[in-house]
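Here's a quick tour of the side-chain packing and charge pairing in this one. Have the viewer open alongside as you read.

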Amino acid sequence: MNWINEAWTRLSQESAVLVTVTATKGSVPRGPGTLMLVFSRGELGTIGGGHLEFQALAHARLILSGHSAPNRLSQVLGPSLGQCCGGAVDLSFEQVQLADLPRLREQWVPQRSPLALFGGGHVGKALVQTLAPLPFAVRWIDSRDEIFPPDVPSGVDCEHSNPVQAAVTDLAPGSRVLIMSFSHAEDLDIVMACLKRQREQGDLPFVGLIGSQTKWATFQHRLEDRGFSAQEIAHITCPIGVPGITGKEPEVIAVAVAAQLLQSL
């Protein structure tokens, strides 16, 4: 949904046709509620690509050019469209312009899950860029001053917290947590704060800690020494990232972790 801000700008200057997937059946590229904004030249968003989208673009531009055309279409994704998905898609077409902006802004607020990212290092910086177009509202937290870059994506709130673990107390209920601070001592403090909150409130569905198996083994012993049970400790995911991706580059780690977060939704 990171194309929406651009959509506001373009729609304030020219008319467009809003294409919406209203219903689906069987195997289809995108689900109900998917949007695409079609201008006389270019479009923003996608309803899934392929010949279905090609047909939708042509139909939308027919409407834009002033021709009489239905505002609803049903398409079967079979041989006639050159797509073998086997499902069916219902589309609606609505011509929109500047006057429609207030209504569309209200309708298009993307639903995002809260995510707390502790650590402004190289992996943290790569992660916020990777997460920007994904359905997460990122709260980026670090104990160090002036650690955040000037080009933070929209939807990311930066916060200085010292001690850093103090921020755990007022995280939004249902927050997913990623821990990758500049020191193992801070990491441990954040992990303990998350486990204490989980013990009391049980509202952090995913807590991930960056690190190796060796680091995690050490942390497990330290957590046990501080009174956390094996069941409580098992709530922490470490190492983080989907299995099978072995690259150590920040951007590679970011992709693997983002995929894991999407699996947790």
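Let's start with Glu43, which is partly exposed at a relative accessible area of 33%. This is a predicted model, so take everything below as computed from predicted coordinates. Glu43 forms a salt bridge with Arg61, the closest N and O atoms being 3.0 Å apart. Because Glu43 lies in strand E3 (residues 43-45) and Arg61 in helix H2 (residues 50-64), this pair ties together parts that are 18 residues apart in sequence. Arg61 counts as partly exposed too, with 27% relative accessibility.

**Other charged pairs**

The count of salt bridges comes to ten. Here are three of the pairs, with their N to O distances:

| Acid | Base | N to O distance |
|---|---|---|
| Glu43 | Arg61 | 3.0 Å |
| Glu14 | Arg10 | 3.0 Å |
| Asp203 | Arg197 | 2.7 Å |

Are the partners in the Asp203 and Arg197 bridge buried or exposed? Asp203 has 15% relative accessibility and counts as buried. Arg197 is buried as well, with a relative accessible area of 4%; the cut-off for buried is under 20%.

Glu14, on the other hand, is partly exposed, at a relative accessible area of 27%. Its partner Arg10 has a second role to look at: Arg10 lies over the face of Phe39, 4.0 Å from the ring centre. For ring-on-ring geometry, the count is one aromatic pair.

There's also a network of salt bridges, which links Glu94, Asp100 and Arg103.

**The nonpolar cores**

In soluble globular proteins, nonpolar side chains tend to be buried together. Here the largest nonpolar core has 26 residues, and those with the most contacts inside it are Phe118, Val177, Ile179, Cys194, Leu209, Trp216 and Leu223. Which elements each supply at least two residues of this core? They are strands E6 (113-118), E9 (176-179) and E10 (206-209), along with helices H5 (184-200) and H6 (213-225). Helix H5 provides the largest share, with seven residues.

Ile179 is a good residue to click on. Leaving aside neighbours within four places in sequence, Ile179 is in contact with Phe118, Asp187, Ile190, Val191, Cys194, Val207, Gly208, Leu209 and Ile210. Apart from this core lies another one, of 21 residues, among them Leu178, Ala254, Ala258 and Leu261.

Methods. Residues numbered from 1 in each chain as written. Predicted model: local features only at pLDDT ≥ 70, side-chain atom pairs only at ≥ 80, totals over all residues. Heavy atoms only, no water. Core = buried A, V, L, I, M, F, W, Y, C linked by side-chain atoms within 4.5 Å. Buried < 20%, exposed > 50% of the residue type's maximum accessible area, 1.4 Å probe, protein only. Helix = DSSP H or I, 4+ residues; strand = E, 2+ residues; numbered from the N terminus. Contact = heavy atoms within 4.5 Å. Phe/Tyr/Trp six-rings, centres within 6.5 Å; stacked < 30°, edge-to-face > 60°. Lys NZ or Arg CZ within 6 Å of the ring centre and 35° of its normal. Salt bridge = Lys/Arg side-chain N within 4 Å of Asp/Glu carboxyl O.
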